[in-house]
Amino acid sequence: MSATFTAGPLSPAKSRPNEAIAKETPPPFPFSLLSKCTSLRQLQQLHALAIKSRLQHQPPLLAKLITSCPPSAMDYARHLFDQIPDPDVVLFNTLSRGYSRSDDPIQSVAVFARMLDAGVGPDDYSFPTLLKACASAKASEEGRQAHGAAVKLGFADNIYVLPTLISMYAECGELKVARALFARTDGRCVVSYNSMITACVRSSRPGEALALFRELQATGLEPTDVTMLSLLSSCALLGALELGKWIHEYVRKNGFGSFVKVNTALIDMYAKCGSLEDAIGVFDEMGSKDTQAWSAMIVAYAIHGHGGKAISLFEEMLKEGIKPDGITFLGVLYACSHSGKVEEGLGYFRGMRGRHGVIPGIKHYGCVVDLLARAGRLGEAYEFIDGLPMQPTPILWRTLLSACGGHGDVDLGKRAFERILELDDTHGGDYVIISNMCASDGRWEDVNRIRRLMSERGAVKVPGCSSIEVDNTVHEFFSGDGKHPQSEAAHRMADEVVERLRSVGYVPDTSRVFHVDMGEEEKEASLRYHSEKLAIAFGLINTPPGTTLRVVKNLRVCGDCHSMAKLVSMAFDREIVLRDLNRFHHFKDGSCSCGDFW
């Protein structure tokens, strides 16, 4: 892939002899049908009609055909484009926009280079499309060159280009540059604010996104539906339910409730903040529901452990004539995986392509691996990964490795670990899992070897972090640390909770604490101050009796914390909603919604 704006791989435009055609009056063409095309086949049929009507060389018709090409048919769009003798900037932009939405967005760079070589000057729409393509491809070098070209040609401060530059740098992981560009704006452009807010959300900085929204309000600018979408994504990342409810009320009062995408974002926010009831309420109140809305609700049911309801909703969706997409099937497969419906899940997976025309992606393959591995069919899961038609990602092997740990299959776990190292040897969690597996099996030589390897390669385990929202403020706790202002109080409360729970049968599960030099008391202490326990203790101190505690953790909840949360819900008469890396756990009256299958 070239990093400079030289002529790309596209073939040069070819002239067509059409003088004779121009002398005749072409019959009318059903242009209205173009917008109704739902497949490349239908588009080709209209193209064939154009040829029969001797209109195949008319630039306006070719432009509309190119515009109607789906992102998966860019080779066909390029074939049409190459038949236009002297394409103008609009046609170049159209082809570039198509590539920017395709699986090969970097081809937009080649289109832009060809446009410059043809002596066609870019306009206000050329650079936004080019920059969006660079963002989609995470092509930071090409993005910087596009920025340079925009400066050289006088477009860098254009009201359409500057916000796209901000988004492009943020998508490429250069948030500081995005911030610097935003600082150059005059603060009077809601599009720039939206770009920066979205950039913060996508960079996992939801707090900064919310601060920018408050700043936007202070300027007197009116937020848009795009603003609402980004804010709701921020609340979902933070698990900030009360703040999300405030934004929902803002949506109602300011007329954003008619936007299907905003309602879909509300469903997603409520689901990820632990309030399935509110998500259901939004879904039920929607007058119009598209595929994304149905999918969001299916995923919501799935991550909250209601696999049967997720599948029932999927079947209802099909009866309503709504076409499922890739996200829909992620929800369905996830629901089957977390409720032990192995054969049903495999059936849905097999029907994706043939029955519904949805091509499985790497995440769908990951769901199948999880489906098999959770059910203990580890050998099948290994063979499934090994036989994929594409290069497996480390995540697929990590899914299997984690399941091997849960089922105690050390030998297969070691094989999965070796496959992970071939792809990525920097993830500390992989070393910890296999080390713990070997320790539980008494293979201490392997444990020492793995720990040395981890040290040599500089792999670091991500520390556990849990957050809880109290009085509209999100409080974060890390395992064992004392950074929070009320850390000492949370630690003392955690001690009190453990002592109270001992009377109802709590026994710390130290079987997963593998440190040779640690005594039993030290192992118990290390478990006692896990981040989710500190967050729960903080919630018990700072909320009235009976208040639901909502905790978000960045890692998978451990078995001891899961057992303790069940007992806390019973002994303290509290409902606890805990969102970990994989799903939601609703603890109430001493039991969990997952049925201990997680």
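The following conversation goes through some cavities, a pocket, a surface patch and a strand pair in a predicted model.

Student: What makes the space lined by Ala-494, Val-497 and Glu-532, among others, a cavity?

Tutor: A cavity is a set of points where a 1.4 Å probe fits but cannot get out, and the space lined by Ala-494, Val-497, Glu-532, Lys-533, Ile-536, Ala-537, Cys-561, Met-564, Ala-565 and Val-568 is the largest cavity in the model. Its volume is about 70 Å³, and the count comes to 5 cavities of 30 Å³ or more.

Student: Which helices supply at least two residues each of the lining of the largest cavity?

Tutor: Helix 27 (487-502), helix 29 (531-542) and helix 30 (559-571) each do so.

Student: How do you know how many residues of that lining are nonpolar and how many are charged?

Tutor: Glu and Lys count as charged, whereas Ala, Val, Ile, Met and Cys count as nonpolar, so Glu-532 and Lys-533 are the charged residues of the lining. The division is therefore 8 nonpolar, no polar and 2 charged residues.

Student: What is the class make-up of the lining of the second largest cavity?

Tutor: The second largest cavity, of about 40 Å³, has 5 nonpolar, 5 polar and no charged residues in its lining. Phe-92, Asn-93 and Tyr-125 are among the lining residues, and helix 6 gives the most, with 4 residues.

Student: Where does Tyr-125 lie, and what makes it part of a nonpolar patch?

Tutor: Tyr-125 lies in the loop between helix 6 (107-117) and helix 7 (126-136). Nonpolar side chains are joined within 5 Å when their residues have over 30% relative accessible area, and Tyr-125, Ile-159 and Tyr-160 make such a patch, of about 350 Å².

Student: Why is the space beside Ser-72 and Asp-103 called a pocket?

Tutor: The word pocket is used because this is an open set of points, with protein on both sides within 12 Å along at least five of seven lines. About 320 Å³ of space lies in this second largest pocket, whose lining also includes Lys-323, Pro-324 and Asp-325 and divides into 3 nonpolar, 2 polar and 3 charged residues.

Student: How do you know that strand 1 and strand 2 pair?

Tutor: Pairing needs at least two bridges, and 6 bridges join strand 1 (residues 465-470) to strand 2 (residues 473-478), so the two strands pair, and they run antiparallel. Ile-468, for example, has His-475 in strand 2 as its bridge partner, and in the hairpin, which has 2 residues between the strands, Asp-471 takes a positive phi near 55°.

Terms used: Residues numbered from 1 in each chain as written. Predicted model: local features only at pLDDT ≥ 70, side-chain atom pairs only at ≥ 80, totals over all residues. Heavy atoms only, no water. 1 Å grid on protein atoms, 1.4 Å probe; cavity = no way out; pocket = protein on both sides within 12 Å on 5 of 7 lines; lining within 4 Å. Points joined across faces, edges and corners; volume = space filled by probe spheres on them. Patch = residues over 30% accessible without salt bridge, like charges linked within 9 Å, V, L, I, M, F, W, Y side chains within 5 Å. Areas by Shrake-Rupley, 256 points an atom, 1.4 Å probe, with all protein chains shown as cover. Salt bridge = Lys/Arg side-chain N within 4 Å of Asp/Glu carboxyl O.
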